[in-house]
Amino acid sequence: MLLLLAALPGLFWDGGADTAAALRDAGVSHILAPAAKSESWKGVAGITAGTADLEKAVKLLSPTVNYRTNQASASREPWLVHNGWKLLRQPQGRFYYDVPGEAAALAAAEAFAYGANAMVKTDAAGLKPFARMVDFLRGVNGDDLPPVADFGFIDDGSATSGEVMNLLVRDNLLFRLIRAPDRALKLTVRLGSKEYPMEDAKNPKAIAQAVRTNLTDEKRSLRIYGSAVVVARVTGSAGHVRVQLVNYAGAARKVNGIRVRVLGNYPKHQLAADDNPGEQLLDYTVESGATEFTLPELKTYAVVDLSR
Amino acid sequence: MPYATLKPVDRRLFLHVVAASPLLASPAGDPVYKVVTKYAPAAKPGMPGPYPGQVVRVRSEKSIDSQADKVDRDIVRQMLSSGMRALTGDARNEDAWARFISPKDVVGIKVNCSGAPRICSAPEVVAGIAESLVAIGVPAKQIYVYERFDNQLQSVGYPKYLPQGVTVAAAESNRGSILGYDPRTYVETSFFGEEDTRSNLVRLVSETLTKIVNVPNLKEHQASGVTGCLKNIAYGNFSNVDRSHRFEQTNTRTFIGTLASTEPVRSRVVLHIMDGLRGVWHAGPFSNSARFRFYPKQLMFGTDPVAMDHKLIEIIEEKRKAEGAISLFDRSREHLGDTSDPNRNHYIREPGHVEYASTKGLGVFDNARILLKVIDL
């Protein structure tokens, strides 16, 4: 239970006690306040307050999708602003988002998917979306499963390496950080190696494509069809896989259906999707060593637990 | 008659057959396609059908008033009857239609609305086809007029022309939604490293329809050279196809025939009636400029999409030549550019997709083996 609570993002709120009604109305019962204001929250009915210092946390980007309609792009691939790679790089880090409105829910979902220790600072319009999402996440069983990875990435900590990780996460190429090659993984990616020269890393997309080519789509533990704005976080161990799906356009538009392919045979499934309690997976198949299903709608976040 | 949107069907069907193979020993650089379908070919596939290499062209000066852009519905009915009887050799209209479709069939009329509302499968033509189906005993409720995109379909206003009970349906009520497509029938390929490598068949086609009447337009196409029978049943029946032409050099040459020959499409498309009342000779498939529209005032009939599209190429080439525009077969990069100039194009056109489709068994490309019957009303 403690692990689960720690994984839930907290609300950083720098408003005074006179804003308590707005918090209560949104369904917020716990906040993190700057030290200068935390005292004023003591004794406020229905609201408990802890203390937090944003200066001691790493600021994350506001997750979103940039459709780049003003740019000619042959692939027409929207640009996803996500923080997955940063959260993977610093699993013990303390982070915060500063996001307005509906994006607060998306930020909370992203942080939860990666098990990040994160705060969400938002405005009045973001209170209800944030509270709804956290309420939903509270109902999702905790996840202490290890990440599913198809390859290992040796991160030298550089900006270049970060950009490559950014693209790998964005393209749903599943990896975990390693210090040395691991035979349990299908590939090892080290920038500067013969397969992945530094020269190529000037274009991180080229590295991501090379990894994909070397891995082959057939051997990828996860594929997503039907949307270019969904990033998955996959964890699991023998007999159980959890697929968390984050729609980075979720603050503005839902995804009308995605097809997901997971390597392995998992005849049982359980779905939980935010803002859509009755949703069911469609066209569920288990064959040829893979499990496929269609999620008919994805607002911001969904979690699919697959098991044998 | 309300518009309907294809609903996903939550059925636990299991894929029995996974046919996965590169298409053919294609020239280096051609994409490799993996075709996944559980549908076996019919004993007598619809394409090229009973009339390989045969094309009937019916022309009537009165079919459309080119000044008012108004179609004469009665003349169109006469053209449909004349064309069907000429194709089959039957004296009666009903006998001609009954060769392809029985009252038990669930029939899709695949329209083309990519240039709508200015150019599309004319509602007068589509209505005439639906009336003919009803006349041979197909219940109206077993007839579907369908297209991929709901917004394009709605812009035409088919329902007011159609017999009561006919359904007008789109695969994508929300642009980009995959729910109207069959997740277990698809062609998979990677053209440029795109993440979504699947093009799935419209679910209505795989799960509901038993026969399809294809009603393309007579148009030039910036990427594929022309868009006629083949392209309308290929790109008009599968998702995620525009990825084939994101660059100047496209993959339309091989992709169109591959999709069109995928089962059950090849077996279920039994008849093609090309609406050439209006035409587009440049900057297609859209029709944003009146300058590039023309009025061929004809309908073409056949079961062989390759032979029909070969004739389509000839018509567009002739028109372009008359307009002083470069050939569809021009491949020089110096002609790439803004399509407001008829000698410029965004892509290198691939009219060779028609000949390629013949190698997939979809029809006859050799002009010496194509019989064209011309009727003037």
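How many residues of chain A are in contact with chain B, and how many residues of chain B do they meet? In this predicted model, 21 residues of chain A are in contact with 20 residues of chain B. The legends below take you through that meeting place and then through some views within each chain.

**Figure 1. Where chain A touches chain B.** Here we look at the side of chain A that touches chain B. Strand 17 (282-287) and strand 18 (290-295) of chain A are the elements that give two or more residues to this side. Strand 17 of chain A supplies the largest share, with four residues. If you sort the residues of this side of chain A by character, you get nine polar, seven charged and five nonpolar.

**Figure 2. Helix 5 of chain A, a covered helix.** Helix 5 of chain A runs over residues 103-113 and is mostly covered, with 11 of its 11 residues buried. Try finding them one by one: A:A103, A:A104, A:A105, A:L106, A:A107, A:A108, A:A109, A:E110, A:A111, A:F112 and A:A113. After helix 5 of chain A comes A:G115, which has a positive phi, near 65 degrees.

**Figure 3. Helix 5 of chain A beside helix 6 of chain A.** Two packed helices are described by the angle between their axes and the distance between the axes. For helix 5 and helix 6 (residues 124-138) of chain A, the axes come within 7 Å and cross at roughly 30 degrees. Angles under 35 degrees count as roughly parallel, and therefore helix 5 and helix 6 of chain A are roughly parallel to each other. Their crossing is right-handed. On the helix 5 side of chain A, look for A:A104, A:A105, A:A108, A:A109 and A:F112; they meet A:G126, A:P129, A:F130, A:R132, A:M133, A:V134 and A:L137 of helix 6 of chain A. This contact between helix 5 and helix 6 of chain A is made of 10 nonpolar residues, one polar and one charged.

**Figure 4. Helix 1 of chain B crossing helix 3 of chain B.** Now we move to the other chain. Helix 1 (residues 73-88) and helix 3 (residues 123-135) of chain B have axes 9 Å apart and pack at an angle of about 55 degrees. Helix 1 and helix 3 of chain B are therefore oblique to each other, and their crossing is right-handed. Helix 1 of chain B brings B:R73, B:V76, B:R77 and B:L80 to the contact, while helix 3 of chain B brings B:E124, B:V125, B:G128, B:I129 and B:S132. By character, the residues of this contact between helix 1 and helix 3 of chain B are four nonpolar, three charged and two polar.

**Figure 5. B:A40, in a loop of chain B.** You can find B:A40 in the loop between strand 2 (34-36) and strand 3 (54-59) of chain B. Is B:A40 buried or exposed? B:A40 has 12 C-beta neighbours inside 10 Å, so it counts as exposed. Look also for B:T262: although B:A40 and B:T262 are 222 residues apart in sequence, they are 9.7 Å apart in space, C-alpha to C-alpha.

**Figure 6. Chain B as the setting for these views.** Stepping back, chain B holds 10 helices and 17 strands. Its radius of gyration is 19 Å, close to the 21 Å that the globule rule gives for 377 residues, so chain B is as compact as a globular protein of that length. The C-alpha trace of chain B spans about 55 × 50 × 40 Å along its principal axes. Of the 377 residues in chain B, 55% are buried. Among contacts in chain B between residues at least 6 apart in sequence, 73% join residues at least 24 apart.

Methods: Residues numbered from 1 in each chain as written. Chains lettered and ligands numbered in written order. Predicted model: local features only at pLDDT ≥ 70, side-chain atom pairs only at ≥ 80, totals over all residues. Contact = placed C-beta atoms within 7 Å. Nonpolar A, V, L, I, M, F, W, Y, C, P; charged D, E, K, R; others polar. Buried ≥ 20, exposed ≤ 12 C-beta atoms within 10 Å, placed from the backbone. Axes fitted to C-alpha atoms, helices over the stretch in contact; angles between N-to-C directions. Parallel < 35°, antiparallel > 145°, perpendicular 65-115°, else oblique. Left-handed = near helix turned anticlockwise from the far one by under 90°. Rg over C-alpha atoms; globule rule 2.2 N^0.38 Å.
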